[in-house]
Each structure stands twice: as C-alpha cells, then as structure tokens.
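Good morning, and thank you for the time on today's agenda. Please look at the structure on the screen while I go through it.

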Amino acid sequence: MNDTHIVIVGAGFAGLTAARELQAAGLSCEIVEARDRIGGRAWTADRMGRPLELGATWVHWHQPHVWTEITRYGQQIVSSPVDNDAYWVTDGEVRSGTEADLDNLLEAPMRRIFEGSREFFPNPHDPLHVLSEDFDGPAEVRERFLAADQASVLDPVRTGEFTREEQDLCDAYWSAGYIGDPNTGSSLMAKQWAALCDHRLSLVDEQTLRYKLVDGMRGIYGNIAADLDCPIRLNTPVTAVEHHDTGATVTLADGEEITADAVIVTAPVGALDTIDFTPPLAEGLQRTIDQKWNSTGFKIWIKVKGHHRIIGYAPTPATVAVFRSEYFMDDGTTICVGFGSHHDQVDLESVDDAQKIVDQWRPDLEVVDCTGHDWVADTWSGQAWATLRQGQFADAWHHFGRTDTRLYFAGADWAKGWRGVVVDGAIEQGISTARRVIDAVGRPR
C-alpha cells in the first residue's frame, strides 16, 4: 500500500493538473484551496446574462498545453468579433478608422519592440538559454539581453523616429498586455511573446485576444477536477509551511496540521506573503515576493445598448487602455471587455465609471451594466496575470524552480513558456512540477 502523500496548495489550473499527474503515478494527494471554488485566476461566472470569464479567457492551438486539454475534454472554440470600427486616442484627440488601419499603424513600432526576439529566444520555451552555459553565441547577445531586461517595453519607440500616434498606440497596447504600467515592465516579456508567436504581431493578437472556449474555462478546469479521485478542500486557507529534505508540514487557518512527503504551492507571487515558510525562503524568492510583479491592472466587462463592432485604444493615463466588443446579446446589447493598468482607478461594478470609460471613444453609447473581479485586491491572488518588472526576467521567476527541500512551487508565474495572459503556462507548470515531485519521492511499488 502506498502511503506517500502530497499536499497541493491551490485548486487553479496548476494545482489541478499537478494532482492529475500525481494520481496517474499512483501517489496519494489532496488539494487545499482558500477560495470557495476551483479555477484560481480562471473563473467562468454567469454575469450579465451569459457566462463571462472574470480571469483567463483566450486560447489558441499554438498553445501546446491548453490545446491538449481542449482536445482531451472535447471543448469548442469561438472567435471574438473581427473587422471592428476602431477608435484611438492620441495627443488628446480621438481618431477613427478600421481595425485594419489600427493594425497597420502598429506594425512598424511593434517590429522595433520585438527586435531581438529571434536572437534572445531561439527556443521560446527555454527563455534564459542565452544566459546558460549551453549558449554558444556571442557574449554581446547576453549583454544586450540583460540590457533589454532593464529597459521598458516602450523604450524602443521613444527614439525620435516614431510619431506620437505610434507611441500612444503602443502605450495603450502594452498597458493592457502588461496589465500594469508599461514604463516599468521588462521589455523582454514582449520579445518572448513575439518568439512564442513566430515573431508576428498578428499572431500575438490572435493568441492573446481572438479565440475563446464556447463553454468557458470551466469546461476545462471542471473536467480536470472531475477526473480526480483526491479530495479538494475548499475554504481552506494555508497559513504556514514547514519544509525540509524529506517532507513538509502544512498548517491550515483552523490550526490543523497536515504532514506530507512534499508540498506543491501554486499561489501566485501576490499571495505568497499570506504563508509563513519555515525555514525562510531563499533570498531570490523572498526578494521577488517583496517586490511583487508589474501586475497592478484590471479587466472589466461593460454592456452597452445596441450591437456595435468596436475596438478602442487609449494611452496613459486612460483608465482603460484597450476596449473591444466580445458578445452580441439577444436583447440588442453588446458586451465589451476592457483592460487597464491600475485597478484602483475604477469600481468594476459602477455603471458611472464604465460610462466614463466608453465616453473617451464613443460618448453616444449608453452603458447599462458592468462587472469584473479585482484580482489585485483579492487576498488569494494579489495580482492579475504575471507580468515582469524591469530586471525580473533574468533574476526573479526562475528562482522558484530551485528549492532544495520538499517544497515546490507551480503556477503560471513560473512558467517557461506563456508566463502571463493565458493558462498554458499554468498547465505546463502543473505537469513539470508534479514530475519533479514524482522523481523525488518515488513511485509506489
């Protein structure tokens, strides 16, 4: 009889996937989840007359891990609206055209932002390869890589050769993409996204904002959970983890202690300060927890009267940087999605706030409802999707894969591929971390 037991902290994609992998290897495990639901920062909720994604939303067949799950569970995808009327704010003025016009204006400055992506990420799922001993290229590539990590994503277009309009469009695009201030985000994240998308802006857009699941993310995370035999204990926060070479003890908020042969913590950086680790985490890990990521923004769903195909861009200091139509409802309304870089600038349930957002592009549209979830203010996330500050690409996230005890970290924050914006990286980490645990504790005989 196998008595090896693993505790997984968190029932998001990483935790659920890790449990499935451990279960397949014949190991005993249990999941403890602080929230009253599974899914983590993926949350399909019924709002405004239809299922809406309050967190992770878009998928693509070029995302290898999530596409396997889509195939496994027979899920279907649907495209977001295309060929929208485009509106963009530049130099305090609203300009308009087609979505194709917007894409054309972005093409040249984005090429500059993506510059170096081929050299820096010959294999985009091995993002620190140029810093490794295996890299046999010129030393100056390493030097440029490290310099790019200290630069903001907008620095490459502030050289004097790009117009204010082009700069404003890039500001808006990356305020949404970095879900935080693009002026403080590492430029390497955008370059890795480009490498994951064949170095093409059109494919970056397609992978991050085009295809959604017909049944929502719950069509995947719900099915993974249904495949598990292990217990999933909801409303069960963890307050402490004591870890050593041969096991760990997990302390719950009610005082219960669980002894385990290993523990996998899937909480993101923004929530790790809710857990007391003994012994304390290594300096590289603790420094990242103290600094947090660049992820200070929000996502909002806004319903307007009428059916409208619309996409809007607005640069800093706009509350919402990118706004677009997503669903045309039978009652004659349109549900749009918006992204902004500062969660404290908006009340996600305030129709008045939502109306002010829409007014910057189309004051003739009437907002009738809005909703969202403030992930940054959420104790159990403390952030939106993981985006990196300057200096954090080369010296932050990777430390969480190097613990020397039976404490392991898994989650999109540490992914080698899609670290932010989509769930692919969370699944990657659930699988790879579970395999490390299996190697460490051994398979049952």
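**Helix α9 and its surroundings**

I begin with the cover over one helix: the elements in contact with the buried residues of α9 include α1 (13–24), β3 (44–47), α2 (64–72), β9 (211–213) and β10 (232–233). Please keep in mind that this is a predicted model. Which residues of helix α9 are buried? In this helix, which spans residues 218–226, they are Gly219, Ile220, Tyr221, Ile224 and Ala225.

**The parallel sheet**

One of the covering strands, β10, leads us to a sheet. That sheet is open and has 5 strands, in the order β10-β2-β1-β14-β21, and the pairing is parallel. Why do β10 and β21 each have one side without a neighbour in the sheet? Both β10 and β21 (407–409) stand at the edges with a single partner strand each, so one side of each is left free of a neighbour there. In general, the strands of a sheet are paired through backbone hydrogen bonds, in either a parallel or an antiparallel sense.

Within this sheet, I would point out one pair. Strand β1, residues 5–9, runs parallel to strand β2, residues 28–32, and 5 bridges connect them. Across this pair, Val7 stands opposite Glu30 of β2.

**The annotated span**

The unreviewed UniProt entry carries the annotation "domain: Amine oxidase", and this annotation covers residues 13–438. In the model, the end C-alpha atoms of residues 13–438 are 19 Å apart. Helix accounts for 30% of that span and strand for 22%.

**Two pockets**

I turn now to the open spaces. The largest pocket has a volume of about 370 Å³. It is lined by 16 residues, of which Trp397, His398, Gly401, Trp414 and Lys416 are the closest to its centre. Which helix gives the most to this lining? It is α12, residues 424–441, with 5 residues. By class, the lining of the largest pocket comprises 6 nonpolar, 5 polar and 5 charged residues.

The second largest pocket has a volume of about 270 Å³. Here 19 residues form the lining, and those closest to the centre are Glu99, Asp103, Ser202, Asp205 and Arg210. At least two lining residues come from each of α3 (99–113), α8 (201–209), β17 (310–313) and β18 (322–328). How many residues of each class line the second largest pocket? There are 9 nonpolar, 2 polar and 8 charged residues.

That concludes my presentation, and I welcome your questions.

Conventions
Residues numbered from 1 in each chain as written. Predicted model: local features only at pLDDT ≥ 70, side-chain atom pairs only at ≥ 80, totals over all residues. Heavy atoms only, no water. Buried < 20%, exposed > 50% of the residue type's maximum accessible area, 1.4 Å probe, protein only. Helix = DSSP H or I, 4+ residues; strand = E, 2+ residues; numbered from the N terminus. Contact = heavy atoms within 4.5 Å. 1 Å grid on protein atoms, 1.4 Å probe; cavity = no way out; pocket = protein on both sides within 12 Å on 5 of 7 lines; lining within 4 Å. Points joined across faces, edges and corners; volume = space filled by probe spheres on them. Nonpolar A, V, L, I, M, F, W, Y, C, P; charged D, E, K, R; others polar. UniProt positions renumbered as here; feature names shortened; annotations may be inferred. Pairing = 2+ DSSP bridges.
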